[in-house]
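I opened this notebook to record what I looked up in one structure. The entries follow the path of my reading.

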Amino acid sequence: MPFTRIMLRQGYSDAQLTQISDILQQSLEEEFAVPPGDRFQVFEELPVRLRVFDRHYQSRGRTGNFIQFMITAGKPRTPEQKQRLCRSLCERLAQSLAIDPQDVMVMIHFNTADDWSFSAGRIMSEQQAVHP
């Protein structure tokens with residue numbers, strides 16, 4: 001049940017945003033054990049003046065194409081799963097959209113079922129107890 005906030009520059013076409021979304025989802029399903037259809041993503045296209053980042057911190061150099069993926073997931077993953085997700089995402093973005101891996105930053109945060117309410121004001125752990 002990950003939720004991903006994707007922050008990037010303005011100017012991507014609808015087709016490119018769809019491709020980024022599909023690449024992220026494919027990587028999550030294959031590397032992070034996310035079930036098909038569990039897709040919750042928000043894109044934030046920001047103007048240059050609202051995107052402040054160090055072009056060289058922990059990188060060989062970022063450009064204006066810098067993309068940040070903030071993933072909140074409901075169950076912990078192993079370091080290997082996290083590494084595979086990050087690598088897969090970078091490789092696919094480079095191959096499909098020519099996005100340099102140096103321009104991709106991924107932040108992963110985990111929480112519990114008590115931190116999610118998908119609908120009707122019921123927290124996830126309550127929904128799981130009602131519908132095992």
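The entries below go from the sheet to the helices, the core and the aromatic rings.

**Entry 1: the sheet.** I noted at the outset that this is a predicted model. I then looked up the strands and found that four of them form an open sheet in the order 2-1-3-4, with mixed pairing. Strand 2 (41-46) and strand 4 (104-110) are at the edges; each has a single partner strand, so one side of each lacks a neighbour in the sheet. I recorded an average twist of 15° from one strand to the next.

**Entry 2: strand pairing.** I looked up how strand 3 is joined to the strands beside it. Strand 1 (residues 3-9) and strand 3 (residues 67-73) run antiparallel and are joined by five bridges. Within this pairing, Met-7 stands opposite Gln-68 in strand 3. Strand 3 and strand 4, by contrast, pair in the parallel sense, over seven bridges. Here I found Ile-67 opposite Val-104 in strand 4.

**Entry 3: the two faces of strand 3.** Which side chains of strand 3 are buried, and which are not? I found that the side chains alternate along the strand. Ile-67, Phe-69, Ile-71 and Ala-73 point to one face and are buried. Gln-68, Met-70 and Thr-72 point to the other face and are not buried.

**Entry 4: the helices.** I looked up what each helix lies against. Helix 1 (residues 14-31) packs on the sheet and touches strand 1, strand 2 and strand 3. Its direction makes about 140° with that of strand 2. Helix 2 (residues 79-97) lies across strand 3 and strand 4, and runs at about 150° to strand 4.

**Entry 5: the core.** I recorded that the largest nonpolar core has 21 residues. Those with the most contacts inside it are Ile-20, Ile-67, Phe-69 and Leu-93. Strand 1, helix 1, strand 3 and helix 2 each supply at least two residues of this core. I noted beside this a general tendency: in soluble globular proteins, nonpolar side chains tend to be buried together.

**Entry 6: Ile-20 and Leu-97.** Which residues does Ile-20 touch, not counting those up to four places away in sequence? I listed Leu-8, Tyr-12, Phe-43, Ile-67, Phe-69, Leu-93 and Leu-97. Leu-97 lies in helix 2. Leu-97 and Ile-20 are 77 residues apart in sequence, yet their C-alpha atoms are 8.3 Å apart in space. Leaving aside neighbours within four places in sequence, I found Leu-97 in contact with Gln-16, Gln-19, Ile-20, Ile-23 and Arg-92.

**Entry 7: aromatic rings.** How many aromatic pairs does the structure hold? I found two. In one, the rings of Phe-32 and Phe-110 have centres 6.4 Å apart and planes at 20°, so the pair is stacked. Phe-32 is in the loop between helix 1 and strand 2, while Phe-110 is in strand 4, 78 residues apart. Phe-32 counts as buried because its relative accessibility is 0%, whereas Phe-110, at 22%, counts as partly exposed.

Phe-53 and Phe-66 form a tilted pair, 4.6 Å centre to centre with 40° between the planes. Both are in the loop between strand 2 and strand 3, 13 residues apart. Phe-53 is partly exposed, with a relative accessible area of 22%, and Phe-66 is buried, with 2%.

**Entry 8: a charge over a ring.** Finally, I looked up Arg-9, whose charged end sits over the ring of Tyr-12, 4.0 Å from the centre of that ring.

Conventions: Residues numbered from 1 in each chain as written. Predicted model: local features only at pLDDT ≥ 70, side-chain atom pairs only at ≥ 80, totals over all residues. Heavy atoms only, no water. Pairing = 2+ DSSP bridges. Helix = DSSP H or I, 4+ residues; strand = E, 2+ residues; numbered from the N terminus. Axes fitted to C-alpha atoms, helices over the stretch in contact; angles between N-to-C directions. Contact = heavy atoms within 4.5 Å. Core = buried A, V, L, I, M, F, W, Y, C linked by side-chain atoms within 4.5 Å. Buried < 20%, exposed > 50% of the residue type's maximum accessible area, 1.4 Å probe, protein only. Phe/Tyr/Trp six-rings, centres within 6.5 Å; stacked < 30°, edge-to-face > 60°. Lys NZ or Arg CZ within 6 Å of the ring centre and 35° of its normal.
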